[in-house]
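Visitor: I have a structure open in front of me and hardly know where to look. Could you walk me through it?

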Amino acid sequence: MKAAPFDYLAPGSIEEACALLAEAGGGASVLAGGQTLMPLLALRMSQPFILVDINNIAALRGVSRIAGGTRIGPATRQCDGLADAVLAEHLPVLVRALSHVGHYQTRNRGTIGGSIALGEPAAEMPATAVALGAVIEITSVRGVRRVEAADFYLGPYMTVLESDELVTGIEYPDWPPGHVILFREVAQRPGDFALVGLVGALVVEGARITRAGLAWFGMGPTPVKMRQAEAAILGQSADALDVNGLAALAIADTAPFDDHHASAEYRRTVGRRMFTRILREALGRQEAA
Amino acid sequence: MNAPGVGAARYIGQRVPRKEDPRLLTGRGQFVDDIVLPGMLHVAFARSPIARGKILSIDTAAARALPGVHAIYTNADLAKIKVEMLSFFLTPGNVSITPLADGHVAYVGDPVALVIADDRYIAEDAAALVDIQYAEEDPVVTISDAMTGAPVHADTDSNIAAMMGVEEPDEELEARLQAAHCLVTHKVTHQRISQSPMETRGVIATREGAEELTLYITCQSPHMIARYVSLALGLPDTSIRVIAKDVGGSFGLKNTPWLEEMSVIVAALLFGRPLKWIEDRVENLTSANQAREQEMILRTAFDANGRLVASHGDYSVNNGAYPQGADCNIAVHMFMWAAYKLPEYAFLSRGWYSNTVGMAAYRGPWAMESLIRETTLDIAARRLGIDTIELRRRNLVTLADQPTATTFGIPLEDITPAECLDKLLETLDVAAFRVEQAEARKQGRYLGLGVAAYVEPTGSAGSISVMTGELAQLRIEPTGKVTATMSTHSQGHGTQTTMAQIIAEKLGVAYEDVTVFEGDSSRGGFSPGAAGSRQGVIAGGATIKASELLAEKVKILAGHLFNAPVENITIENGMVHIAGAEEMTRSLRAIAEIAYGEPTRLPPGFEAGLEAQYRYTPPPMTFTSAAHACIVEVDTDTGFVKIKRWISCEDCGTIINPAVVEGQIAGGLAQGIGTVLLEEMSFDARGNPTAVTYKDYLLPAISDIPDFEYLHACTPSQSVGGIRGVGEGGAIIGPPTLVNAIADALAPFGEIGCDLPLTPVKILSLIEGRDLAAVVAPPPPPVVVVEAPAPPPPPPVTQAAAVIDGSWKMVLSTPMGPQEMTGNFVTSGGQLSGELLSPEGSMGFAGTVDGNRLLFDLKVEKPMKITLKYDITIEGDKLTGKVKMGFFGNAKLTGQRI
């Protein structure tokens, strides 16, 4: 469990980092918090020739308000996100989700962007970005492009990121004050990747649901946007929802698999129950953000 | 009770701070990887990626060419030094084992080549470059594979590694089982467990001069390692020094060095520079020996009142390819019903070879008995409509029933599981819980209460040759401070603390003034260390006796110096007092200075200095008893189990330090919780391990462990000091307590059974009434009882008379491993006489001859009184047969003419 040899480079700017990634021609890995990459290196499951450490790039850190939303620098540590006043006010569900990412110790190093770029299908941060409709800013020597989080993920640990590209920002649209937040996950131990997880936000205006962002994690090869359930819930009365019908639609979008820890059928069964319970609780109690 | 004449300061029974903690909690412990020797090089292994196959070629050229690589050894290189891999009992194995693979590989992770390099990084780079070509063969992975598959080892005729008990059904017992009011047939499938010590295996081996070998190795006893290596290599053990100051857990794994450690030791002897190998976590989860993969069917008959009638157990355990002692776990049966009034028990017990990493011990290796018995009792209680606690009360052996003996003839004098249960129920209000449970069910919440009781043999000595007594060597130094050199060893057991408490109390000195040394084979005397919950009992007794001897010596000297009768002298807090003459009070230092430095002032015949030692051998077995209760809530949405309360009531006799006792119980319970809910070392059909990191092998975290409540019963044992062992109990009684609680919670849905771990998928499947496990388990193997290879049928009587007379070399497969002996037979008509010679001595016998079949009986006293019935068939120069060993059933005998 010792890493294979690699070159280590720690650029001071985004431009420099992108230049290094371009030059490496696919042989580089980006080191942010290292909470996934370092074990992968030690296990020799990842054997890059070059490690590009982005921890010296100040422009990649921090939370800021932008027009109509909130921008998170990808190298922002998860622990800093948990303590951030802007996130607490504007993205409460993200803060809730963050508290389930890894463990206290790993959150001290792990970054929000690292989790998003890794694309673990059972992780909280990718699904939260998908549910809230975040846009991921991607930079390379070829320019900057912006991808909807729902379009960012291709499969387990597979994203649209090219080998020369770096995630340089995650932008979450605003959800109005008082929006309903939904978050629940079932994991064997606190800090484990979820067997089944659900994250989302609803806007209820005059008893009608006017906006919905819902996503699963651990329920398919990528975070799963509940497109059918989102569409069906819009315009419905919060007091007279067909929760079971919505749950069936929500499950219909999933494609969970069997693994060492749980079966696909278990995930579907628990997911359906979780969906109905959390929706009833959230709307019944009108848990305000 | 204090020895007369020693001051009143009480340390035994107190929660004194542990002497080990300051160094361990501030990162100053000394583990193997903390040791750096001049000129030291690093080792990594090239390992088999397949579970079974022939090695076609090994090409080390590319690896050897890597800068920083010093040598690459294969089995052909190591074979220059002969190694005999021995079992925990220090007996040779049934099958040929070499430290590196000898022409074939037998499990994924089997070490094939050893790389020596400047550092571990380069060593791993080189290991990846060793080019090994294999001809892959179909592996035997599971117990059912082993029953039907081709033998794993070329030198055996089946996959049975060890067998005890009787294969043929006992018709009378069967009739009693079938006729009983209630027959419970209960199957437990126990997953494989990784011991998962925080400190993985590791060794530094360095040759000191031509003859000496120094080993830093993480282990359970430096003395045991020295003895093992001495025997394995044929070196005098006096030339081997083994140092293991701090050890980060072992739980049975590190009883003896195994393939990797022996490879490194031999490589260091060959290469001549110090070599370090530290097992990484992937190696630990794939190549370190594992434990517990078992299947058992227990059939138990009850009468209408819930009283036990008879029981039969059929047990199998996966030994893997190279177990640390081929084993069928006879202790499962010995202790199955030891605490219960059961008239009759019979069993069949088999250990099976497979193409998986070998079996080692794990905390409470026989724990299956408590798991299957206590879960059986709850199933029976539900079926009979009797309360689970009441059912136990009707069957448990109480103090009033003793002395008595188990069906195996093990004497019971002071076991207290029934009394522990009573004490537990003073704290646990069962009636109130049942009300709460009923209310909760109305709201769709499922609470459950599990109770279990057990006894455990601890502090065993004298019946198995490696299980010896313990040696305490004490000195009052010329400074007046006390030094103890102990045969004990701690992997977290806190023996430096508990032994210092005993010394401080028994000698009359301050706890702070006692230093305990252990962890170095060149310091203390032999003991097998931490194995079988033995150190508190045995070393505790040794320390008490040595302290008393030393106190007596101080008093004799003080009496002589001050012309006072010995009985007037007391030692208290390091001061020597003379009753009625306070002005004569002297410090121990003052007395010690005289004892060491002024020989003319000593009494006639008094040995200078203040030193004493005692090797204590306790009674053969000291029983610890306990009853536990646990309350859970099962989430019927997810199948998750939440432990809400856990009460332990154990009787470990005299408690030296309650914090140490509770720490032992908590650690064992945590492992028990992991066993029931989380941990599973699994393999795919090709024998590839599927949980190779802690992402997939789920250990319980602190958040999964409740705050345990402890009750202590404290019935003194018959050993010196009244101590009983407590190291393994939590891991034994934890699983049945928790399974019973889950089963109670889920009783409205049916029986959950006991296929461990009880994952959320399995629990939710019961709740949903359908199988949520997507991959439907393969159909069970056809119900063909695969017979172990039977001894050849008796040849027809017409056969020419076999030549029986003469000497025969014979091997008997016993629970402790193969035992070699020589038999001398003399026939005279139908009469047989002769003697059996073994390392333990010789015994004569007389018997009968029928054709080529010999029948005779031998009565032995050790390890218990038992009659061995020999039934031998001779064919030419070969001899086969079986020996019926009382309740232990049949053991296989083979031999040949000398």
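Guide: Let's go from whole chains to single residues. One thing up front: this is a predicted model.

Visitor: Fine by me. What secondary structure does chain B have?

Guide: Chain B comes to 20 helices and 37 strands. Its radius of gyration is 29 Å, close to the 29 Å that the globule rule gives for 898 residues, so chain B is as compact as a globular protein of that length. If you prefer box dimensions, the C-alpha trace of chain B spans about 90 × 75 × 70 Å along its principal axes.

Visitor: How many of the residues of chain B count as buried?

Guide: Of its 898 residues, 54% are counted as buried. You can also look at how contacts reach along the sequence. Take the contacts in chain B between residues at least 6 apart: 75% of them join residues at least 24 apart.

Visitor: Next, the core. Which residues have the most contacts inside the largest nonpolar core?

Guide: The general idea comes before the case. In soluble globular proteins, nonpolar side chains tend to be buried together. Here the largest nonpolar core has 346 residues, and B:Val115, B:Leu215 and B:Ile742 have the most contacts inside it. The element that gives the most to this core is helix H16 (residues 535-562) of chain B, with 12 residues.

Visitor: Can we zoom in on one of those? What does B:Ile742 touch?

Guide: Leaving out residues up to four places away in sequence, B:Ile742 touches B:Gly448, B:Val632, B:Val634, B:Val641, B:Ile752 and B:Leu758.

Visitor: How do I check a helix, say H19 of chain B? What should its 17 residues span?

Guide: Compare the expected span with the model. At 1.5 Å a residue, the 17 residues of helix H19 (residues 729-745) of chain B should span 24 Å, and its end C-alpha atoms are 24 Å apart, which agrees. As for its surroundings, 17 of the 17 residues of H19(B) are buried, so this helix is largely enclosed by the rest of the structure.

Visitor: And helix H18 of chain B: what should its 20 residues span?

Guide: For helix H18 (residues 658-677) of chain B, the same arithmetic at 1.5 Å a residue gives 28 Å for 20 residues, and the end C-alpha atoms are 28 Å apart, which agrees. Here 16 of the 20 residues are buried, so H18(B) is also largely enclosed by the rest of the structure.

Visitor: Now domains. Into which domains is chain B divided?

Guide: A domain may be built from several stretches of sequence, as you can see here. Chain B has domain 1 (37-138 + 197-250 + 254-286), domain 2 (294-459 + 621-768), domain 3 (463-616) and domain 4 (806-897). Try domains 1 and 3 of chain B: their centres, taken over C-alpha atoms, are separated by 40 Å. Across that pair, 18 residues of domain 1 are in contact with 16 residues of domain 3. On the domain 1 side, helix H7 (222-233) and strand E11 (240-243) of chain B each supply at least two residues, and H7(B) has the largest share, 5 residues. By class, this side divides into 9 nonpolar, 6 polar and 3 charged residues.

Visitor: What about the domains of chain A?

Guide: Chain A is divided into domain 1 (7-53), domain 2 (63-173) and domain 3 (180-285). The centres of domains 1 and 2 of chain A, over C-alpha atoms, are 18 Å apart. In this pair, 13 residues of domain 1 are in contact with 18 residues of domain 2. Helix H1 (residues 14-24) of chain A brings the largest share of the domain 1 side, 6 residues. That side has 8 nonpolar, 5 polar and no charged residues.

Visitor: How many residues of chain A are in contact with chain B?

Guide: There are 20 from chain A, in contact with 26 residues of chain B. Helix H12 (residues 264-285) of chain A has the largest share of the chain A side, with 8 residues. The classes on that side are 10 nonpolar, 4 polar and 6 charged.

Visitor: One last residue, B:Asp755. Where is it found, and what does it touch?

Guide: B:Asp755 is found in strand E29 (residues 754-755) of chain B. With 15 other C-beta atoms within 10 Å, B:Asp755 is partly exposed. It touches B:Thr189 and B:Lys762, again not counting residues up to four places away in sequence. B:Asp755 and B:Thr189 are 566 residues apart along the chain, yet their C-alpha atoms are separated by 4.6 Å.

Key
Residues are numbered from 1 along each chain as its sequence is written. Chains are lettered from A and ligands numbered from 1 in the order in which they are written. This is a predicted model: local features need pLDDT of at least 70, side-chain atom pairs count only at pLDDT 80 or more; totals for chains, interfaces and linings use all residues. A nonpolar core is a set of buried Ala, Val, Leu, Ile, Met, Phe, Trp, Tyr and Cys residues joined through C-beta atoms within 7 Å. A residue is buried if 20 or more other C-beta atoms lie within 10 Å of its own, exposed if 12 or fewer, and partly exposed in between; C-beta atoms are placed from the backbone. Helices (H or I, at least four residues) and strands (E, at least two) are DSSP runs, numbered from the N terminus. Two residues are in contact if their C-beta atoms, placed from the backbone, lie within 7 Å. Ala, Val, Leu, Ile, Met, Phe, Trp, Tyr, Cys and Pro count as nonpolar, Asp, Glu, Lys and Arg as charged, and the others, Gly among them, as polar. Domain bounds come from an automatic or database domain assignment. The expected span of a helix is 1.5 Å times one less than its number of residues. The radius of gyration is taken over C-alpha atoms; the globule rule is 2.2 Å times the number of residues to the power 0.38.
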